[in-house]
2 protein chains.
Amino acid sequence: MARTLDPYGLSRVVRPAGVLPQAADVVDPSLPIGPDELLIDVDHLNIDAASFKQIKEGVGGDPERIAAEVRRIVGERGKMHNPVTGSGGMLIGRIREVGPQHPAAGTLKAGDRIATLVSLSLTPLHLEAITGVHVANERVDVKGTAILFATGLWAKLPSDMDDKLALAALDVCGAPALVARAVKAGQTVLVLGAGKSGALCCAQARDNGARVIALDISPKAVETLKNLGLADATIVADATTPVAVLEQVRALTDGKLCDVVINCSSVPRTEMASILSVKDRGTVVFFSMATSFTAAALGAEGVGKDADLLVGNGYAHGHAELTLDLLRKHPRLRALFEERFVG
Amino acid sequence: MARTLDPYGLSRVVRPAGVLPQAADVVDPSLPIGPDELLIDVDHLNIDAASFKQIKEGVGGDPERIAAEVRRIVGERGKMHNPVTGSGGMLIGRIREVGPQHPAAGTLKAGDRIATLVSLSLTPLHLEAITGVHVANERVDVKGTAILFATGLWAKLPSDMDDKLALAALDVCGAPALVARAVKAGQTVLVLGAGKSGALCCAQARDNGARVIALDISPKAVETLKNLGLADATIVADATTPVAVLEQVRALTDGKLCDVVINCSSVPRTEMASILSVKDRGTVVFFSMATSFTAAALGAEGVGKDADLLVGNGYAHGHAELTLDLLRKHPRLRALFEERFVG
């Protein structure tokens with residue numbers, strides 16, 4: 001069958017008809033690739049934590065039975081899309097072929113090592129063999145091929161850093177990329193949450209010339225960011241207590257509040273602390289996956305706050321390179337990542 | 001007790017300590033008002049549909065017992081905040097006093113008729129009497145006083161239209177106000193959902209000089225908008241089927257997709273249709289309360305779509321006047337509202 005341009009992989013959907021690959025029960029990973037697809041020789045699958053846990057517990061933890069379950073799922077569905085958890089993961093591999101009309105034609109070449117930044121739950125995958133199961137790392141070594149569509153995100157793995165470090169940063173690379181766009185020099189920026197994405201956002205906001213306030217419930221976490229030169233001021237507070245947060249933000253900003261608030265917290269019910277902390281006509285960017293859409297929309301209305309409320313899109317052009325460059329520009333941030341976030 | 005500036009009404013919270021009035025179990029509606037508060041003589045409570053249904057079913061539908069239950073709740077909590085449903089409603093009343101440091105001092109005067117645009121679930125309320133219960137309209141006639149904080153939104157009820165028409169439009173007035181900001185002349189705008197907010201958004205987008213495509217699952221609903229001159233083109237599709245929507249959007253835009261997508265749908269799982277329909281670096285505004293935050297954030301990443309994804313904030317400066325003016329400027333839109341959306 002002659003393949004045609006298919007940026008979303010719609011022709012790879014086997015069933016049900018008319019859905020996107022992520023929503024499909026079964027996709028077709030067969031060769032050849034289409035003119036705008038990318039073919040990858042897969043080396044490792046980094047299986048999503050929830051998915052790996054379910055498989056491990058389902059088969060009793062034995063590596064050979066985990067391997068058999070992964071083979072069964074991929075064999076049945078044409079993708080490593082856990083039918084119980086609905087989640088995927090990502091893969092590491094080497095480019096075998098770049099379709100002539102793929103956006104990376106001319107940039108990527110055979111042999112380049114890449115990580116996929118779209119979920120395995122939508123990535124057509126064919127496995128020839130599973131050669132190793134690393135239970136502690138939720139990683140499976142494989143021989144096989146995967147296909148990325150023209151819209152499927154990927155990043156070249158850098159030669160100047162360890163895979164694990166690069167993957168830890170790439171995992172949240174959408175956040176600093178949006179900060180790079182949203183923050184202007186001279187602004188005051190509050191970053192809620194001093195974890196991986198919070199640290200990257202602080203660094204990027206400072207690079208943009210902003211005054212950065214880092215907030216976390218852990219005194220150690222925010223002190224670390226301040227000591228590394230990534231934050232100008234710190235607030236130790238529970239982000240689920242908006243009134244307490246507001247008081248501290250007022251004190252630190254002379255009552256003027258913040259131009260931009262970046263929510264990188266990991267717990268629910270932090271919407272109001274974010275909304276109260278931002279100025280009239282300021283911007284709040286929600287990266288926390290625990291964000292409630294209605295709490296944000298109705299919460300802003302309830303306190304009469306006219307601010308732009310942005311859903312933290314996981315993708316912005318150039319997000320992977322920007323984030324790896326942040327680690328390169330900030331050796332102490334890189335050291336923090338190596339110490340705290342690389343498993 | 002001398003009251004001080006208190007824009008969020010924190011000093012009105014009785015318990016628990018340190019929360020916002022909406023999250024409080026009990027608030028204090030006592031007089032006098034503070035220097036930045038507004039005192040209202042309340043005429044009617046429009047009780048939230050979910051709340052009214054729960055009360056009605058709880059007491060067996062008898063108007064006198066409904067009245068007693070409303071009195072009980074307001075007496076115990078200091079606000080008409082249904083403890084079972086968590087929801088409130090809004091009120092209509094007349095200004096009795098404007099605090100000298102309230103933002104509307106100089107604009108509002110005693111006797112002005114207003115509707116509150118913040119929920120009764122955060123509005124301190126004291127009831128002297130309930131004079132009528134209108135079961136079919138979920139409305140209760142009362143004598144009493146309510147207090148609005150400096151951040152509490154309100155709208156003057158216009159003298160040139162019926163209360164019911166004004167309230168139907170004010171209910172969704174955040175949507176056209178954001179459209180007025182987001183849409184530029186010459187752009188192509190897709191509006192998902194041809195209900196109340198969809199109709200207002202179409203009208204505002206056209207007033208901004210955009211080409212407007214109205215989408216709904218009901219052929220009659222979109223045809224009505226086109227016949228009224230509020231949409232340039234129409235799509236009849238189920239917004240939960242992104243591939244089908246994408247095909248029709250491509251056909252209508254010469255493959256270029258839309259600059260701005262406004263999601264006013266009323267059903268879940270319409271995020272991907274919105275995201276696939278927007279151009280690279282375009283804007284999607286989600287007004288649907290059925291929007292899933294994670295479906296939007298992860299969905300855009302999954303298809304590599306770099307677009308600004310906005311939570312439809314229920315408040316934007318001037319939203320009430322803008323929306324009432326839209327009805328005045330578009331007599332056929334006003335007629336549609338009177339025919340279809342006024343109960």
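**Entry 1: E138 of chain B**

I looked up E138(B) first and noted that it is partly exposed, with a relative accessible area of 27%. The class follows because partly exposed covers values between the 20% limit for buried and the 50% limit for exposed. The model I am reading is a predicted one. I located E138(B) in the loop between β6 (125-134) and β7 (139-148) of chain B. Its phi is positive, about 55°, although E138(B) is not a glycine.

**Entry 2: R269 of chain A**

I then turned to another non-glycine residue with a positive phi, R269(A), where the angle is about 65°. I found R269(A) in the loop between β12 and α8 (271-277) of chain A. With a relative accessibility of 62%, R269(A) counts as exposed, because the exposed class begins over 50%.

**Entry 3: cis peptide bonds in chain A**

I recorded a cis peptide bond from R15(A) to P16(A), with omega near -5°. P16(A) sits in the loop between β1 (13-15) and β2 (26-27) of chain A. I also recorded a cis bond from L31(A) to P32(A), with omega near 5°; P32(A) belongs to the loop between β2 and β3 of chain A.

**Entry 4: strand β3 of chain A**

I followed the chain into β3 (residues 38-47) of chain A. Ten of its ten residues are buried, so β3(A) is largely enclosed by the rest of the structure. I traced its pairing with β7 (residues 139-148) of chain A, which is antiparallel and has eight bridges; here D41(A) stands opposite T145(A). I also traced nine bridges between β3(A) and β4 (residues 89-98) of chain A, again in the antiparallel sense. In β4(A), M90(A) is the bridge partner of N46(A).

**Entry 5: the twelve-stranded sheet**

I wrote down the strand order of an open sheet with mixed pairing: β11(A)-β10(A)-β9(A)-β12(A)-β13(A)-β14(A)-β14(B)-β13(B)-β12(B)-β9(B)-β10(B)-β11(B). Its edges are β11 (233-236) of chain A and β11 (233-236) of chain B, each of which pairs on one side only. I noted an average turn of 20° between neighbouring strands, direction ignored.

Against this sheet I found helix α4 (residues 174-182) of chain A, which touches β12, β13 and β14 of chain A as well as β13 and β14 of chain B. The direction of α4(A) makes about 170° with that of β12(A). In chain B, I saw helix α6 (residues 219-227) lying across β10 (211-216) and β11, at about 175° to β11(B).

I closed with a parallel pair in chain B, β9 (residues 188-192) and β12 (residues 258-263), joined over four bridges. In this pair V191(B) stands opposite I262(B).

Key. Residues are numbered from 1 along each chain as its sequence is written. Chains are lettered from A and ligands numbered from 1 in the order in which they are written. This is a predicted model: local features need pLDDT of at least 70, side-chain atom pairs count only at pLDDT 80 or more; totals for chains, interfaces and linings use all residues. Side-chain values use heavy atoms; hydrogens and water are left out. Two strands pair if DSSP finds at least two bridges between them. Helices (H or I, at least four residues) and strands (E, at least two) are DSSP runs, numbered from the N terminus. Axes are lines fitted to C-alpha atoms, for helices over the stretch in contact, and angles run from 0 to 180 degrees between N-to-C directions. Contact means heavy atoms within 4.5 Å. Buried means under 20% relative accessible area, exposed over 50%, partly exposed in between (1.4 Å probe, protein chains only).
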